[in-house]
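Reader: Could you take me through the empty space in this model, meaning its pockets and cavities, and then the side chains worth a look around them? I work with grids and probes, so please give me the cut-offs as you go.

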Amino acid sequence: MTVYITSTGHYLPGDPVDNERIEAVLGLVNGKPSRLKRRILQSNGIRQRHYAIDADHNTTISNSEMAARAGQACLDQGYLGKSRLGMLSVATSQGDLVLPGFGSMVQAELGVSGVELHSSHGICSSSMMALKAAYTGLKAGEHASALVVASELASRLFKASRYEAVAEEVDFNAEFLRWMLSDGAGALLLENVPRQRCFRIDWIRGISHADAYPVCMSVGQAASAGEARSWQDFPTYAEAEAAGALLIRQDVRLLDNIVKLGVDGLLRLIDEGRVEVDKVDHVLCHYSSHYFRGRIFDMLTQAGAAIPEAKWYTNLYTRGNTGCASLFIMLDEFRRTQHYRAGDTLLCMVPESGRFNNVYMQLTVVEE
């Protein structure tokens, strides 16, 4: 059974926030401007992003509401009504609630009845795992359609008050992602029939390295040296917060592995015959920072598998790094704004630094 992406959609909350206003929204920690912000922003290259919190740190829209709006935008641009959906597959790093699953909350917001439900939890690659679940469901003939939605609301973790609640001075690893991540949602509609010009999914392949590498990005682990306690192991939530266990962290010492492993995975797919570099017309890669772009090009060139830079498309600099929603938002904007034609091949890549899980997908443009 062939599977097609027949419609896309996205939702970004509020007005764009540029680099001059970013700290006005997130807040000054202990009343002092960050000494690291400019350095990190220069490295990641992001010029503007969107937040679902305002300058008073009120949440303006929930994560599940953003997901529902992206899903509805996708359906509005498509050829299928809610009542004909067979499956709803949803991804996020953190839902609005710890329980129940994020998919249940999004289904309720969308008002979709009688669907098979799937929730995918993780970091950047969780959207691709949700997509793979829906893709295999259609391939197996279980359903004729599926809506896949990925949504992130990271800004609630970056309020100044979160950092002020920590007993010790906030370290670089805890502040790093404050200037990297932002909010948004994207959605894809999958069907087993093509609709006008759309994307055929040729394959989706994930390669995880969690057995070989330590945790690189996390929320919920205490920060003290040698401390392995989960936030749930503390006597109270207040003690967990004071220990920094509720801050989102990136072990920057391990980050270079994301480029190496991402390129290694692509070379593996080339060896398997899944990817033919000369036949790739467009590349959509969720690299989280401009810093990694040049590193990826250099490593591919050294390996003899270079893909010309003109073929690479990203909206990182204007939409921000929206975690697992990034690739879906990128594909939606590519579909609506870029030039492509039937027969073109799209290579999509999502490297994840959580514990290094990389997912790849190949699409082919088809006409109904």
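Author: Happy to help; what follows goes from the open pockets to the enclosed cavities, and then to cysteines, rings and backbone.

This is a predicted model, so local features are kept at pLDDT of at least 70 and side-chain atom pairs at pLDDT 80 or more, while totals for chains, interfaces and linings use all residues. Residues are numbered from 1 along each chain as its sequence is written, and side-chain values use heavy atoms, with hydrogens and water left out.

Rolling a probe the size of a water molecule over the atoms shows where empty space is left. Here the search runs on a 1 Å grid over the protein atoms alone: a cavity is a set of points where a 1.4 Å probe fits but cannot get out, a pocket is an open set with protein on both sides within 12 Å along at least five of seven lines, and lining residues have an atom within 4 Å of a point. Grid points are joined across faces, edges and corners, and a volume is the space filled by probe spheres set on the points.

The largest pocket holds about 1,400 Å³ of space. Its lining counts 47 residues, with Ser93, Gln94, Gly95, His121 and Val219 nearest the centre. Strands β4 (87–92), β5 (116–121) and β9 (217–219) are the elements that give two or more residues to this lining; helices (H or I, at least four residues) and strands (E, at least two) are DSSP runs, numbered from the N terminus. By class, the lining has 21 nonpolar, 18 polar and eight charged residues, where Ala, Val, Leu, Ile, Met, Phe, Trp, Tyr, Cys and Pro count as nonpolar, Asp, Glu, Lys and Arg as charged, and the others, Gly among them, as polar.

The second largest pocket has a volume of about 450 Å³. Val29, Arg35, Glu169, Val170 and Glu175 lie nearest its centre, among 18 lining residues. Helices α6 (160–164) and α7 (172–175) each supply at least two of them. This lining has seven nonpolar, two polar and nine charged residues.

Now to the enclosed space: there are two cavities of 30 Å³ or more. The largest cavity has a volume of about 260 Å³, and of its 29 lining residues, Ile258, His286, Tyr287, Ser288 and Pro351 are closest to the centre. Elements α9 (256–271), α10 (290–302), β13 and β14 each supply at least two lining residues, with the largest share, five residues, coming from α9. The classes are 21 nonpolar, seven polar and one charged.

The second largest cavity holds about 70 Å³. Its lining includes Cys285, His286, Tyr287 and Arg319. Helices α11 (316–319) and α12 (326–337) are the elements that give two or more residues, and α12 has the largest share, three residues. Five of the lining residues are nonpolar, six polar and one charged.

Cys285 also comes up among the cysteines. The structure holds zero disulfides, a disulfide being a pair of cysteine sulfur atoms within 2.5 Å. The sulfur of Cys348 has its closest cysteine sulfur in Cys285, 9.6 Å away, which is too far for a bond. Cys348 is buried at 0% relative accessible area; buried means under 20%, exposed over 50% and partly exposed in between, with a 1.4 Å probe and protein chains only.

For the rings, the count comes to eight aromatic pairs. Rings of Phe, Tyr and Trp (its six-membered ring) pair if their centres lie within 6.5 Å; planes under 30 degrees apart count as stacked, over 60 as edge-to-face and the rest as tilted. Phe172 and Phe176 make a tilted pair, 5.8 Å centre to centre with 40° between the planes. Phe172 is partly exposed at 24%, whereas Phe176 is buried at 11%. The rings of Phe334 and Tyr340 are stacked, because their centres are 5.3 Å apart and their planes at 20°. Both Phe334 and Tyr340 are buried, and they form one aromatic cluster with Phe199 and Tyr313.

Last, the backbone. Leu99 and Pro100 are joined by a cis peptide bond, with omega about 5°, and Pro100 sits in the loop between β4 and α4 (102–110). Phe356 has a positive phi near 65°, lies in the loop between β13 (345–352) and β14 (357–367), and is buried at 1% relative accessibility.
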